[in-house]
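Reader: Hi! Could we go through this one together?
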Amino acid sequence: MSGNPLRLAVVVGSTREGRFAPVVANWFAGQAEQRDDMTVDVVDLAEARLPVVLTREPAPEVAALTPRLDVADAFVVVTPEYNHAYPASLKNAIDWHYTQWQAKPVGFVSYGGLAGGLRAVEQLRLVFAELHAVTIRETVSFHNAWDQFDADGQPKDTTGPNVAAKTMLDQLAWWAQALCDARASRPYGT
């Protein structure tokens with residue numbers, strides 16, 4: 001692993017028509033792409049179009065997404081808060097996969113109204129713990145997100161969000177490297 005950049009999958013969790021998720025996800029991906037220690041793959045669940053019925057044999061849409069999650073060394077989930085929770089499309093993507101999340105770090109970028117999506121993040125921490133993933137303590141959160149970005153999709157006040165993104169990405173990189181090294185020396189088993 002040493003010398004190779006970490007592979008970060010930024011998972012865009014909302015598939016709702018008129019969603020704000022791409023604005024937030026594109027800004028965050030831009031922050032991650034500035035780093036020399038990471039490559040970024042934006043995984044937009046609206047494009048994945050995963051089936052809602054879980055079957056024993058994965059549908060072609062699942063088979064197309066799985067390799068992108070397999071190769072990721074770390075994840076950042078971009079999620080809104082819908083009705084005090086995360087979107088069903090995100091839970092669906094999580095449930096279609098299992099080993100792809102194991103022994104890998106997951107960070108969160110959330111957005112929403114006054115709570116900034118943090119209630120969705122707290123629930124996701126429980127779900128990812130069950131999947132043997134390591135969630136990153138620091139998050140990036142936008143309250144009243146629609147008012148926080150300009151017409152070019154950049155935060156109006158870059159100081160707070162940029163610092164929060166860097167802090168979270170630094171922690172994510174540390175965990176990703178540590179877990180990559182651990183998986184290489186001793187495969188993870190549950």
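Reader: Which residue is the bridge partner of Gly-112 in strand 6?
Author: Gly-112 of strand 4 has His-143 as its bridge partner there. Strand 6 (residues 140–143) and strand 4 pair in the parallel sense over four bridges; two strands pair if DSSP finds at least two bridges between them. Strands (E, at least two residues) and helices (H or I, at least four) are DSSP runs, numbered from the N terminus.
Reader: And what are the ground rules for the numbers?
Author: This is a predicted model, where local features need pLDDT of at least 70 and side-chain atom pairs pLDDT 80 or more, while totals for chains, interfaces and linings use all residues. Residues are numbered from 1 along each chain as its sequence is written, and side-chain values use heavy atoms, leaving out hydrogens and water.
Reader: Is strand 4 mostly covered or uncovered?
Author: Mostly covered: eight of its eight residues are buried, meaning under 20% relative accessible area, with exposed over 50% and partly exposed in between (1.4 Å probe, protein chains only).
Reader: Switching topic, how many aromatic pairs does a search of the whole structure find?
Author: The search gives 10, counting rings of Phe, Tyr and Trp (its six-membered ring) with centres within 6.5 Å; planes under 30 degrees apart are stacked, over 60 edge-to-face and the rest tilted. Phe-20 and Trp-146 make a tilted pair, 6.0 Å centre to centre with 45° between the planes.
Reader: Nice! Is Trp-146 buried or partly exposed?
Author: Trp-146 is partly exposed, at 48% relative accessible area, whereas Phe-20 is buried at 14%.
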